[in-house]
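Okay, let me get the structure up on the screen. I'll talk you through the sheet, a helix pair, the cavities and a couple of backbone oddities.

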Amino acid sequence: MSTEHGFERVMVAGAGTMGQGIAQLCVEAGLPTLVYDVSPAMLHKAKTGIEAAWDVRVAKGKLNESEAVRFKSMLQYSDRTEDLRGDLLIEAVVESAEIKRRLFATVEAQNGPQTVLASNTSSIPMEQLAEGLARPERVVGLHFFNPAPVMKLVEVIRGPMTKPDVAQRVHALAQTMGKIVVHAQDSPGFIVNRVARPYYAESLRIVGEGGVQPQDLDRLMESVGFRMGPFRLMDLIGVDTNLSVTTSVYEGLGRPPRFEPHPVQQNKVAQGHNGRKSGRGFYDYTPSNPA
């Protein structure tokens, strides 16, 4: 596996939690990076969050102040699709194949034939995301886990038309970031999210049957060695995002009952209780009720 990725400028689409973490990693790997989002408010929040992360490390003596200044200077922010120009796009937008394909088509049309289109999707096969593109061989999965700067694992996913050198280059980039890289089959959920579905599904079923409360189940799982219980983890990921992944895997694998989305989770999303990002999920995250 080559250690040279050859990328010079990265575009990160989506300024949410995952996009912020991925942009931070790209800059720390020495790459000038553009963060794109349709929402100026999200871009402002991203800028504040990324810079604050570096400031905290400076205060703790884990990062030189001059390095932090240099990192900040390497980041740009834009809500204009015309600014999406570079040799690597990493998209971290909503978990919708249609929206991701539309973004890929836009970036493909205004960049050269060597630009790589990488998706941070948790569950959508590359074959679907490459559909209708002029250069489907440039589409690859580059799946980080939340929080991206901390979690070591990255999944690289080759679609049926992905060129081997494209997968090799994003693999090399992830290694430059200090990640442990695994290559996953192009199927719904890939490796980790497919394995994780039963953890959430059975927990939701137990709660739905009235066997235990979410907070009590979390405490039980954490007491036997799990770093985070399923409901606390869903709140961190985003209850809506987690439901989207479950739905994608369920539909993509032909609706096996073991992966069927559960009404407990569906009701949370319908109420807008999407976890930490919304202030409430299975826990209450308002200042007076810290989870």
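So, let's start with one residue pair: Ala13 stands opposite Tyr36 in S2. Before I go on, keep in mind that this is a predicted model. The pair belongs to a bit of sheet where strand S1, residues 10-13, and strand S2, residues 33-36, run parallel and are paired over four bridges. As a general reminder, strands in a sheet pair through backbone hydrogen bonds, and that can be parallel or antiparallel.

Zooming out, what's the strand order in the open sheet? Going across, you read S3-S2-S1-S4-S5-S6-S7-S8, so to speak, eight strands with mixed pairing. At the edges you have strand S3 (75-78) and strand S8 (180-184), and each of them pairs on one side only. If you ignore direction, neighbouring strands here are turned by 25° against each other on average.

Now, what packs on that sheet? Helix H6, residues 164-176, does. H6 touches strand S4 (88-91), strand S5 (116-119), strand S6 (139-144), strand S7 (153-158) and also S8. Take the direction of H6 against that of S7 and you get about 170°.

Next up, the helix pair. The axes of helix H9 (residues 230-237) and helix H10 (residues 239-252) come within 5 Å, crossing at roughly 100°. Anything from 65 to 115 degrees counts as roughly perpendicular, and therefore H9 and H10 are roughly perpendicular to each other. Who's actually meeting whom? On the H9 side it's Met234, Asp235 and Ile237, and on the H10 side they meet Val239, Thr241 and Asn242. By class, that contact comes out as three nonpolar residues, two polar and one charged.

Okay, cavities. How many of 30 Å³ or more turn up in a search of the whole structure? Two. The largest cavity holds about 60 Å³ of space. Its lining is Arg197, Tyr200, Ala201, Leu204, Thr246, Phe259, Glu260, Pro261, His262 and Gln265. Helix H7, residues 192-208, gives the most to that lining, with four residues. Split by class, the lining of the largest cavity has five nonpolar, three polar and two charged residues.

The second largest cavity has a volume of about 30 Å³. Around the second largest cavity you'll find Glu108, Gly112, Thr115, Leu117, Arg135 and Arg138. That lining has one nonpolar residue, two polar and three charged.

Last thing, the backbone. Which two residues are joined by a cis peptide bond? Asn146 and Pro147, with omega at about -5°. If you want to find Pro147 on the screen, look in the loop between S6 and S7. The other one I'd flag is Phe190: not a glycine, yet it has a positive phi of about 55°. Phe190 sits in the loop between S8 and H7.

That's my tour, so over to you for questions.

Methods:
Residues numbered from 1 in each chain as written. Predicted model: local features only at pLDDT ≥ 70, side-chain atom pairs only at ≥ 80, totals over all residues. Heavy atoms only, no water. Axes fitted to C-alpha atoms, helices over the stretch in contact; angles between N-to-C directions. Helix = DSSP H or I, 4+ residues; strand = E, 2+ residues; numbered from the N terminus. Parallel < 35°, antiparallel > 145°, perpendicular 65-115°, else oblique. Contact = heavy atoms within 4.5 Å. Nonpolar A, V, L, I, M, F, W, Y, C, P; charged D, E, K, R; others polar. Pairing = 2+ DSSP bridges. 1 Å grid on protein atoms, 1.4 Å probe; cavity = no way out; pocket = protein on both sides within 12 Å on 5 of 7 lines; lining within 4 Å. Points joined across faces, edges and corners; volume = space filled by probe spheres on them.
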